Amino acid sequence: MKINLSNIKKRLPWPIKKYLGPIYHKWDIKIDKEIIIFLKNYYNLSEKEVLRLLRSGGQLSADFWFCSNPRTGLETVKFYEDNPFYAFNLIFWHGTRYQRNLRDRFIKLAKGKVLDYGGGVGDLCLKIRKNGLSVDYADLQGKMFDFASKFFKENNLYINMINLSKNKISGKYDTIFCVDVIEHVVNPKDTLKELVSHLNTNGQLIITALESNISNEAPMHFEIKFNPEEYLNLLGIKKLKEPFLWIKI
């Protein structure tokens, strides 16, 4: 008999959920061998060193945040531009069963011209492009941007890259991804407004993490001090049955 951990977790009291959550999300980690090899070559590390950094990337990113102690929007941007551990952090997180299943659903929903806002290491962009869709990558300049650029070239695929530290988004899209990004943004209202403005009519916004999750493990998350669903409705988009899927009216 197969045990559905997700259903069990839903029925648990909140105090238990709080401690079970990190364990549940890290259950059954699977990272493609090709990514392991790329990390080895990109950073000139042994496989043992790569695996150690993947396991510890989240804590190292949190420690880097505490040491950097950013207090302004510009200092927060610099944290993401300079963080040497964030690629390991994201790749490990994306390798969890929860994220793998979620991202598989995202790829099936993508249509038309696609934008991945806050594209990170570029793994979602790469899978969408391999699925035959045109996709733009957008993120801040720095170590993550350079990593994604090399990652795309290694896979022999051209993906247009938007440097958000220097340029704004232009044009319209049929699908915009904002996955695990909005809780990292200093001015989330401005970001949501900008993303919706770049959606075509009947375009879809696929967005997660509209509820803040601030902890010692994720100190770089900001509290969202407004109701994001009400604000998105005011911007002219409505949520469908999927909790992360919004359509521009």
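This passage looks at the side-chain contacts of a predicted model, beginning with aromatic rings and ending with salt bridges.

A pair of aromatic rings is described by two quantities, the distance of the centres and the angle of the planes. Counted across the model, aromatic pairs come to 20. A helpful example to start with is the pair formed by Tyr43 and Phe147, whose ring centres are 6.2 Å apart and whose planes meet at 25°. This pair counts as stacked because its angle falls under the limit of 30 degrees. The two residues come from distant parts of the chain: Tyr43 belongs to helix H3 (residues 33-43), while Phe147 belongs to helix H9 (residues 143-154), and 104 residues separate them. Their surroundings can be compared with the help of relative accessible area. Tyr43 has a value of 27% and is partly exposed. Phe147, at 1% relative accessibility, counts as buried, because the limit for that class is under 20%.

A second pair, Phe106 with Phe177, has a tilted arrangement, with 5.9 Å from centre to centre and 50° between the planes. The angle explains the label: stacked pairs lie under 30 degrees and edge-to-face pairs over 60, so a pair at 50° is tilted. Here a helix and a strand are linked, since Phe106 is found in helix H7 (residues 97-109) and Phe177 in strand S4 (residues 173-178). These residues are 71 apart along the chain, and both of them are buried.

Aromatic residues can also be followed beyond single pairs. In this model, a cluster held together by ring pairs contains Phe64, Trp65, Phe79, Tyr80, Phe85, Tyr86 and Phe222.

Rings meet charged side chains as well. Lys113 is placed over the face of Tyr173, with 5.1 Å to the ring centre. In a similar contact, Lys189 has its charged end over the ring of Phe226, and the distance to the centre of that ring is 5.2 Å.

Turning to contacts between opposite charges, the search of the whole structure gives four salt bridges. One of these joins Asp82 to Lys78, with an N to O distance of 2.8 Å. The contact stays inside a single helix, H5 (residues 73-82), where the two residues are four positions apart, or about one turn. Both partners are partly exposed: Asp82 has a relative accessibility of 29%, and Lys78 has a relative accessible area of 49%.

Another salt bridge brings Arg105 and Glu242 together, at 2.4 Å from N to O. Arg105 lies in helix H7, whereas Glu242 sits in the loop between strand S6 (237-239) and strand S7 (245-248), so this contact ties together parts that are 137 residues apart in sequence. Arg105 is partly exposed, with a relative accessible area of 38%. Glu242 is also partly exposed, at 25% relative accessibility.

Lys239 and Glu229 form a further salt bridge, in which the closest N and O atoms are 2.9 Å apart. Lys239 is part of strand S6 and Glu229 part of helix H11 (residues 228-234), so the bridge ties a strand to a helix across ten residues of sequence. Each partner is partly exposed, with 33% relative accessibility for Lys239 and a relative accessible area of 33% for Glu229.

Definitions and conventions: Residues are numbered from 1 along each chain as its sequence is written. This is a predicted model: local features need pLDDT of at least 70, side-chain atom pairs count only at pLDDT 80 or more; totals for chains, interfaces and linings use all residues. Side-chain values use heavy atoms; hydrogens and water are left out. Rings of Phe, Tyr and Trp (its six-membered ring) pair if their centres lie within 6.5 Å; planes under 30 degrees apart count as stacked, over 60 as edge-to-face and the rest as tilted. Buried means under 20% relative accessible area, exposed over 50%, partly exposed in between (1.4 Å probe, protein chains only). A charge sits over a ring if NZ of Lys or CZ of Arg is within 6 Å of the ring centre and within 35 degrees of the ring normal. A salt bridge is a side-chain nitrogen of Lys or Arg within 4 Å of a carboxyl oxygen of Asp or Glu.
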